[in-house]
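Biologist: Thanks for sitting down with me over this model. Could you take me closely through a single part of it, and then show me what surrounds that part?

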Amino acid sequence: MLLVILGVGLGLLYGWVINPVKYVDTTPAKLRSDYQTDYILMVAEAYQAEGDLDLAARRLAVLGDSHPAEIVRQGMILAAQINYADSDQELLSQLASELQTWIPSPGGVQP
Amino acid sequence: MRDERGHWYLLTGFAIGIILGLVYAWLIAPQGHQDTSPASLQSEFKDQYRAMIASAFVATGNLPRAEARLALLGDSDVARVLAEQAQRTLGGGKSPLEAQALGLLAVALGQGDSAAIPSPVPSLTPTHNQNTANPAQSTTDPAPSEMTPVETANAAAVSPSLSPTNPDPQETNLILSTATPLPTRTPSVTPGSPFVLQTNTFVCDVDLPNPLIQVIAEDSSGAPLPGQAVIITWDSGDDFFFTGLKPEIGLGYADFLMDPGVLYQVRMADGGQSVPDITPAECETESGSRYWGSWQLVFSRP
């Protein structure tokens, strides 16, 4: 029994640490949260120049089924935790604010 | 009986334990299945991620940040991948602005300096730079693949990001079109004097067997201009594309494949001089064999 437990331990060590599963062909929704936050920041940066809220919402839709404003709000929380520059946080805040009242145009993305 | 079995049953138990451990670690509860990196994205999502990076780059002009983000995708030749995606985007009839952004980023990376980097959108309010650093410092940033979440945040703060601007999109776009030399957000509002045709040359090159319209855009000093929209019209249609999507040939270069027997009209999208009656013509080698020649049009700003 002791050897079985030892074997399980070694199997877990190998499968989780030494040779963990390598993921391919994933979706943006599976990205680590800090990568998702950076993606949201990119959307905010582009929105600042383009001014296209529908496009911003469409870009955010790949991160999940939540309302785009909620996605940005989650990004803002993490951005604050990991000390994004104030100006970047302001960009996120502005996008979140705009999305609060956003109504999808016909044929646009549905949150 | 017991003596014949020896100690092998112990090894069997150990092997079963390892198998159980691996099954759990690889199949039942694999590590980090919700915490992947951009390098693991499906190719279509990688394209979308690249396009997002390019759009953000065009908006901010922050090349170090764009480089750090692109590194996360793990592409071996980033500029080439961007240029190819730009051409795919144009060929697939997707957003020309997206293609332009990809092309501009490819050119900026290929140049390695700020010549092709678009100016950031001017802010309408005083900027807040207190938590930002000189873009040059980005060269000392850790490799993005080694970034921890905190390091990622630092990379995101590499250079001054823009302060919030007036939320009115129309006002933002107006500023973009009048104060930003590169790039324009629409092909028809390129700032500066309209392009003027400098040369219109028929080129016979056996290495270019297809009939091409080759367009080269230059500034007044002869320096190549990437990201310039070229409009081609003919009886049954029209098309437009951007210079700089083939940086391996030239930063101000773009080309278009002609159909034999069709008359084309070429002009830069800023409303400058139009060149009519461009049509494929044949060249002849010394041995008498024929092949298609190309038209090379050089446009420059006066």
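In which sense do strand 2 and strand 10 of chain B pair, and over how many bridges?

Modeller: Happy to! Please keep in mind that this is a predicted model. Strand 2 of chain B pairs with strand 10 (residues 294-300) of chain B in the parallel sense, and six bridges link the two. You can follow that pairing on your screen through individual residues. B:Gln214 has B:Gln296 as its bridge partner in strand 10 of chain B. Further along, B:Glu218 is opposite B:Ser300, also in strand 10 of chain B.

Strand 2 of chain B covers residues 212-218, and six of its seven residues are buried, so the rest of the structure largely encloses this strand. The cut-off behind that word is 20 or more other C-beta atoms within 10 Å of a residue's own. Strand 10 of chain B can be described in a similar way: five of its seven residues are buried, so strand 10 is largely enclosed by the rest of the structure.

Each of these strands also has another partner to look at. Strand 2 of chain B is joined by five bridges to strand 5 (residues 253-257) of chain B, and this pair runs antiparallel. To find that pairing, look for B:Ile213, which has B:Phe256 of strand 5 of chain B opposite. Strand 10 of chain B, for its part, is joined to strand 1 (residues 196-203) of chain B by seven bridges, and these two strands run antiparallel. There, B:Val203 is opposite B:Ser294 of strand 10 of chain B.

From here, let's move to another sheet in chain B. This is an open sheet of four strands, with antiparallel pairing and the order 4-3-6-7. Strand 4 (237-242) and strand 7 (274-278) of chain B are at its edges with a single partner strand each, so one side of each has no neighbour in the sheet. From one strand to the next, the twist averages 20 degrees. For a closer view of one edge, take strand 6 (residues 264-268) of chain B, which is joined to strand 7 of chain B by three bridges in an antiparallel arrangement. B:Val266 has B:Val275 of strand 7 of chain B as its bridge partner.

Strand 7 of chain B also contains B:Asp277. This residue is not a glycine, yet its phi is positive, at about 60 degrees. B:Asp277 counts as exposed because it has 8 C-beta neighbours inside 10 Å.

A further residue in chain B leads us across to chain A. B:Ile53 belongs to helix 3 (residues 43-60) of chain B. It has 29 C-beta neighbours inside 10 Å and therefore counts as buried. If its neighbours within four places in sequence are set aside, B:Ile53 is in contact with A:Met42, B:Ala66, B:Arg69 and B:Leu70. The C-alpha atom of B:Ile53 is also 9.9 Å from that of B:Ala68, a residue 15 positions away along the chain.

Chain A has five helices and zero strands, so to speak of its elements from the N terminus on is to read α-α-α-α-α. Of its 111 residues, 44% are buried. Among contacts in chain A with a separation of 6 or more, 68% are between residues 24 or more positions apart.

One helix pair in chain A deserves a look of its own. Helix 2 (residues 33-50) and helix 3 (residues 53-60) of chain A pack at an angle of about 165 degrees, and their axes are 9 Å apart. The two helices of chain A are therefore roughly antiparallel to each other, and helix 2 passes helix 3 in a right-handed crossing. Helix 2 of chain A contributes A:Ile40, A:Val43, A:Tyr47 and A:Glu50 to the contact, while helix 3 of chain A contributes A:Leu55, A:Ala56, A:Arg59 and A:Leu60. By class, this contact has six nonpolar residues, two charged residues and no polar ones.

Finally, have a look at A:Asn83, in the loop between helix 4 (68-81) and helix 5 (86-100) of chain A. A:Asn83 is a residue other than glycine with a positive phi, near 60 degrees. With 15 C-beta neighbours inside 10 Å, A:Asn83 counts as partly exposed.

How values were computed. Residues are numbered from 1 along each chain as its sequence is written. Chains are lettered from A and ligands numbered from 1 in the order in which they are written. This is a predicted model: local features need pLDDT of at least 70, side-chain atom pairs count only at pLDDT 80 or more; totals for chains, interfaces and linings use all residues. Two strands pair if DSSP finds at least two bridges between them. Axes are lines fitted to C-alpha atoms, for helices over the stretch in contact, and angles run from 0 to 180 degrees between N-to-C directions. A residue is buried if 20 or more other C-beta atoms lie within 10 Å of its own, exposed if 12 or fewer, and partly exposed in between; C-beta atoms are placed from the backbone. Two residues are in contact if their C-beta atoms, placed from the backbone, lie within 7 Å. Angles under 35 degrees count as roughly parallel, over 145 as roughly antiparallel, 65 to 115 as roughly perpendicular and the rest as oblique. A crossing is left-handed if the near helix is turned anticlockwise from the far one by less than a right angle, and right-handed if clockwise. Ala, Val, Leu, Ile, Met, Phe, Trp, Tyr, Cys and Pro count as nonpolar, Asp, Glu, Lys and Arg as charged, and the others, Gly among them, as polar.
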